[in-house]
Structure formats: C-alpha cells, structure tokens
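I opened the model to look up a few things and keep notes. The topics are packing, strand pairing and open space.

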Amino acid sequence: MEQLLETYFHSAHLLDFSFVNNLIIFSMAAYFAGISKAPFTAIMLITELVGSMRNFMPLAFVVLVAYLVVDLTNGAPIYESLAERLATFKQLPIFKGRNEQIQIPVYAQSLVEDQQVRRIEWPKDSILATIRRGSHEIVPSGDTLIIAGDLLIFTVFSDNSGKIRTKLIALTQLLTENG
C-alpha cells in the first residue's frame, strides 16, 4: 500500500518520496483525533507508535485541526455514541423470548410531532431504540424532540407486536378533523 501511494504521489508530482511516510502518520493521527475527540491522546499515541519526536509539532498541528473540524461540525466521539447504544440495549432483557423491530414513520400534525420523547405515553412493552432522521441515526433520550419525517424504530416482544403496532400507528399518523 505504501509503495502504491509513493508511486502515485511521486508520478503525479504531488509529493516527494521522503514525505509519504509523514502523510500516512499524519493521516492516522488526524483520523484518531477525529473519531475519539481526544487530540492529546492521539498525539501521544501516534508519537509513541512512530517512536520519534521528529514530527511532533506538525503532528500536533494536524491533530488539532482535525479536532476543530469535528468540533465545529458537531461530531460526536465514537465511544460516547457506542456507550449510548449500549445503554439502550441494556433495557432489552425485560422482554423474554423473541423480540422484533417495528419501524413507524412520523407524519406532520400527528400526536407525537414536536414532542419530547418523555412526554409521550408509549405503548407498554415497547422500547424506542432509534430515531432515523434523514441519514442520521439518533439514540433517543427523554429530551429528544420528535419531528415530522422521523422514522421511529421500536423493539417489541413478538407476541404483542400487532397490538403495539396499531397503537404506535395511531400516535404517529395524521390527525383528522374528527380525531
């Protein structure tokens, strides 16, 4: 892989052979700083991995730029996101037997639109596991606001899925003038 990069960058007159290793090292550090949102840990880890302090200042600069970009774009650290998902799935053992997922879209002018998750009386034996909003998946908390267009993903006990689906549809469908 390294030789392929060297050949490509050198033949395109973009980078001298001697700098390809630096490019790889800086890329690893920036990537780690971005996903972990721990810039100083990234600097120390990559410096230790390389075994040299020769590139410490440029490495620190690249890592801090990567951290700032992730911070400005409101990126979440991967470990925090995984911990939220784990906390949600720790609730699942209350269901004995088989579980299934139900996906329910939220329509405009429904009962749940513009409501916080905690303010809605969800059907018993259902867990709102994920909210899919566009291309993003949100692990809901009590303060999470549900908006029209969201796709709510519930985990339910299989034996009750029909009744629960009916109740969820009633909550998320368009309100009629009579209802």
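My entries follow, one topic at a time.

**Entry 1, source.** I note that this is a predicted model.

**Entry 2, the main core.** I looked up the largest nonpolar core and found that it has 16 residues. Those with the most contacts inside this core are Val112, Trp122, Leu128, Ile146, Leu152 and Phe154. I then checked which elements supply at least two of its residues each: strands E1 (99-105), E3 (126-133) and E6 (151-157), and helix H6 (161-172). Another core, of eleven residues, lies apart from this one, and I list Phe26, Ala29, Ala42 and Val63 among its members.

**Entry 3, Leu152.** I asked what Leu152 touches, leaving out residues up to four places away in sequence. The contacts include Ile102, Ile104, Val106, Trp122, Leu128, Ile131 and Ile146. Gln103, Thr130 and Thr172 are also on the list.

**Entry 4, strand E3.** I find E3 mostly covered, with six of its eight residues buried. E3 pairs with E6 in the antiparallel sense, over six bridges. In this pairing I see Ile127 opposite Thr155 of E6. E3 is also joined to E4, again antiparallel, by three bridges. Ile131 has Ile138 in E4 as its bridge partner. I looked at the hairpin of E3 and E4 as well: two residues lie between the strands, and Gly134 takes a positive phi near 65°.

**Entry 5, the largest pocket.** What is the volume of the largest pocket? I read about 370 Å³. Twelve residues line this pocket, and the closest to its centre are Ala76, Ser81, Glu84, Glu137 and Ile138. Helix H5 (78-89) and strand E4 (136-138) each supply at least two lining residues. H5 gives the most, with four. By class, I have the lining as three nonpolar, five polar and four charged residues. Ile138 therefore turns up twice in my notes, as a residue close to the pocket centre and as the bridge partner of Ile131.

**Entry 6, Phe9.** I located Phe9 in helix H1 (residues 2-11). Is Phe9 buried or exposed? I class Phe9 as buried, because its relative accessible area is 19% and the cut-off for buried is under 20%. Not counting residues up to four places away in sequence, Phe9 touches Leu14, Leu15 and Leu23. I also took the C-alpha to C-alpha separation of Phe9 and Phe19, which is 9.8 Å for ten residues in sequence. As background, nonpolar side chains tend to be buried together in soluble globular proteins.

Notes. Residues are numbered from 1 along each chain as its sequence is written. This is a predicted model: local features need pLDDT of at least 70, side-chain atom pairs count only at pLDDT 80 or more; totals for chains, interfaces and linings use all residues. Side-chain values use heavy atoms; hydrogens and water are left out. A nonpolar core is a set of buried Ala, Val, Leu, Ile, Met, Phe, Trp, Tyr and Cys residues joined through side-chain atoms within 4.5 Å. Buried means under 20% relative accessible area, exposed over 50%, partly exposed in between (1.4 Å probe, protein chains only). Contact means heavy atoms within 4.5 Å. On a 1 Å grid over the protein atoms alone, a cavity is a set of points where a 1.4 Å probe fits but cannot get out, and a pocket is an open set with protein on both sides within 12 Å along at least five of seven lines; lining residues have an atom within 4 Å of a point. Grid points are joined across faces, edges and corners, and a volume is the space filled by probe spheres set on the points. Ala, Val, Leu, Ile, Met, Phe, Trp, Tyr, Cys and Pro count as nonpolar, Asp, Glu, Lys and Arg as charged, and the others, Gly among them, as polar. Two strands pair if DSSP finds at least two bridges between them.
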